[in-house]
Amino acid sequence: EGSRSVDGTVQAFNEGAFSLALREKTPILPLVIHGTSRALPRASWMFSGNPEIWLRVLPPVSVEGRTVKQGAELCAEVRGKIMDGLAELQRLEGAGRG
């Protein structure tokens, strides 16, 4: 994303890392992190309380067969996977499971 949002919502992704992955022919390893906005609010450098932080490592996204000009497409694909993973973590948290 490039920065933390004030309310913890996921912002638009910057395409630079995806263009670099395409140029270097390196797969993307999506990480989903949930709960950090409660642990470390944007306006602070002090951790607050004892919140749970959830991390899920998703399967790598291959760049095979893609061109450097497909950075926006790769960015959207990975963001979609991360958003789906985040929704799943939020459901698990709400159900009290990890």
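I will talk through the overall layout of this chain and then the way helix 1 meets helix 3, bearing in mind that this is a predicted model.

Let me begin with the chain as a whole, which has three helices and two strands, arranged along the sequence in the pattern α-β-α-β-α. Of the 98 residues in the chain, 27% are buried, and if we take the contacts between residues at least 6 apart in sequence, 65% of them join residues at least 24 apart.

Now to helix 3, residues 71–95, which has 25 residues and reaches 36 Å from its first C-alpha to its last, close to the 36 Å expected at 1.5 Å a residue. Its buried residues are Gly71, Leu74, Cys75, Val78, Ile82, Gly85, Leu86, Leu89 and Leu92, and these pack against helix 1, strand 1 (31–34) and strand 2 (54–57). After helix 3 comes Gly96, which has a positive phi, near 75°.

How, then, do helix 1 and helix 3 cross? The axis of helix 1, residues 16–24, comes within 8 Å of the axis of helix 3, and the two cross at roughly 115°; angles from 65 to 115 degrees count as roughly perpendicular, and so that is how we describe this pair. The crossing itself is right-handed.

As for the residues that make this contact, helix 1 contributes Phe18, Ser19 and Leu22, which meet Gly71, Leu74, Cys75 and Val78 of helix 3. By character, the residues of this contact divide into five nonpolar and two polar, with no charged residue among them. On the helix 3 side, Gly71, Leu74, Cys75 and Val78 also appear in the list of buried residues I gave a moment ago.

Key: Residues numbered from 1 in each chain as written. Predicted model: local features only at pLDDT ≥ 70, side-chain atom pairs only at ≥ 80, totals over all residues. Heavy atoms only, no water. Axes fitted to C-alpha atoms, helices over the stretch in contact; angles between N-to-C directions. Helix = DSSP H or I, 4+ residues; strand = E, 2+ residues; numbered from the N terminus. Parallel < 35°, antiparallel > 145°, perpendicular 65-115°, else oblique. Left-handed = near helix turned anticlockwise from the far one by under 90°. Contact = heavy atoms within 4.5 Å. Nonpolar A, V, L, I, M, F, W, Y, C, P; charged D, E, K, R; others polar. Expected span 1.5 Å × (residues − 1). Buried < 20%, exposed > 50% of the residue type's maximum accessible area, 1.4 Å probe, protein only.
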